[in-house]
Amino acid sequence: KQWYQRRVRETEISCLISGLSERVEKVEWLLSDSPVSGDDYTNTLTQLAGGSQTAKLLVKGSRVTGDKDYICRVFPGEYSQSPSQDTTVKLYIYEVESINKDAFKGTKTILSCKITKLSAKATVVWKKGQATVDDSVEGSLEGKTQMSTLTVSNPAEDAEYSCVVKSGQFPNSAASSAVVTLDVYSIEV
């Protein structure tokens with residue numbers, strides 16, 4: 001499995017465990033052949049319907065810094081003679097930078113977000129609250145950078161918009177978002 005996330009304070013990677021004759025008792029996550037440990041990691045193993053299991057690793061804080069290959073090491077049940085099995089799970093990091101804007105009341109303005117460290121064009125949706133906003137442009141990928149813009153035709157008051165980004169290379173990975181703030185001013189005469 002491969003996951004693509006923006007640079008965040010935490011992100012989750014997972015591996016699906018299926019096709020084993022017995023329930024897995026233990027999963028260990030490794031980075032550079034060393035087990036991960038400490039407060040920046042949370043390892044969970046969940047039983048799914050149909051006998052499959054999923055192992056998840058929540059990566060937090062300073063550990064979310066760049067592209068890394070984690071190893072998901074699965075240990076079969078206590079009565080099994082089978083050796084452990086390793087699966088590489090790639091964590092790719094991209095960054096979403098919001099570009100806040102000031103505008104005069106009633107004056108058309110353009111909001112932007114910049115997505116960097118991409119290997120394929122991302123899908124971008126702009127939202128105000130939970131509602132999707134039209135008048136946006138995803139932008140094209142130039143090198144490893146993509147700019148997305150949203151035109152606000154007649155701003156009347158301060159507002160927060162979200163630039164919601166989905167990886168173009170790994171569409172099954174979670175979306176990321178950045179808040180873009182629009183501060184609206186007026187001149188009193």
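**Salt bridges, strand pairing and nonpolar cores in a predicted model**

The side chains of R73 and D86 form a salt bridge with an N to O distance of 2.7 Å, and this pair connects distant parts of the chain, R73 belonging to strand 7 and D86 to strand 8, 13 residues apart. The model in which this contact is found is a predicted one. R73 is partly exposed, with a relative accessible area of 23%, and D86 is likewise classed as partly exposed, at 43% relative accessibility. Strands 7 and 8 are linked again by D69 in strand 7 and K90 in strand 8, which lie 21 residues apart; the closest N and O atoms of the salt bridge between D69 and K90 are 3.4 Å apart. D69 has a relative accessible area of 41% and is partly exposed, as is K90, for which the value is 26%.

Strand 8 also contributes E95 to a salt bridge whose other member, K117, is located in the loop between strand 10 and strand 11, 22 residues away. The N to O distance between the side chains of K117 and E95 is 3.2 Å. K117 counts as partly exposed because its relative accessible area is 41%, and E95 falls into the partly exposed class with 24%. The salt bridges in the model number 4.

Strand 7 (residues 68-75), which carries D69 and R73, is also engaged in strand pairing, since it runs antiparallel to strand 3 (residues 26-31) over 6 bridges. Within this pairing, C72 of strand 7 is the bridge partner of W29. Strand 3 pairs in addition with strand 4 (residues 34-35), again in the antiparallel sense, over 2 bridges, and here L31 has S34 as its bridge partner. Strands 3 and 4 make up a hairpin with 2 residues between them, and S32 in the turn adopts a positive phi of about 55°.

The C-alpha atom of S32 is separated by 21 Å from that of L16, although the two residues are 16 places apart along the chain. L16 belongs to strand 2 (residues 10-17) and is partly exposed, with 49% relative accessibility. Beyond residues up to four places away in sequence, L16 touches L48, S52 and Q53. The C-alpha atoms of L16 and Q53 are separated by 6.1 Å, with their positions 37 residues apart along the chain. Q53, found in strand 6 (residues 53-60), is buried, its relative accessible area being 2%. When neighbours within four places in sequence are set aside, the contacts of Q53 comprise C15, L16, I17, R23, V24, L45, T46, Q47 and L48.

An open sheet of 5 strands is arranged in the order 9-17-16-11-12, with mixed pairing. Its edges are formed by strand 9 (101-104) and strand 12 (131-132), each of which pairs on one side only. Strand 16 (residues 159-166) and strand 17 run antiparallel and are joined by 7 bridges, with S176 of strand 17 serving as the bridge partner of V165.

In soluble globular proteins, nonpolar side chains tend to be buried together. The largest nonpolar core of the model contains 20 residues, and those with the most contacts inside it are L111, I115, W126, Y161, V165 and L182. At least two residues of this core come from each of strand 8 (85-99), strand 10, strand 11 (123-128), strand 15 (145-152), strand 16 and strand 17. Another core, of 18 residues, lies apart from the largest one and includes C15, V24, A55 and I93.

L111, in the largest core, is in contact with K101, W126, S148, T149, L150, V152, Y161, V180 and L182, leaving aside neighbours within four places in sequence. S112 is located in strand 10 (residues 109-116) and is buried, with a relative accessible area of 14%. The residues that S112 touches, not counting those up to four places away in sequence, are E97, S98, I99, W126, M147, S148, T149 and V180.

Nonpolar side chains are also present at the surface, where F104, Y185, I187 and V189 form a patch with about 540 Å² of accessible area together. Among the members of this patch, V189 is found in the segment that follows strand 17 (176-185).

Key
Residues are numbered from 1 along each chain as its sequence is written. This is a predicted model: local features need pLDDT of at least 70, side-chain atom pairs count only at pLDDT 80 or more; totals for chains, interfaces and linings use all residues. Side-chain values use heavy atoms; hydrogens and water are left out. Patches are made of residues with over 30% relative accessible area and no salt bridge: like charges are joined within 9 Å, nonpolar side chains (Val, Leu, Ile, Met, Phe, Trp, Tyr) within 5 Å. Accessible areas come from the Shrake-Rupley method with a 1.4 Å probe; for residues, only the protein chains shown count as cover. Helices (H or I, at least four residues) and strands (E, at least two) are DSSP runs, numbered from the N terminus. Buried means under 20% relative accessible area, exposed over 50%, partly exposed in between (1.4 Å probe, protein chains only). Contact means heavy atoms within 4.5 Å. Two strands pair if DSSP finds at least two bridges between them. A nonpolar core is a set of buried Ala, Val, Leu, Ile, Met, Phe, Trp, Tyr and Cys residues joined through side-chain atoms within 4.5 Å.
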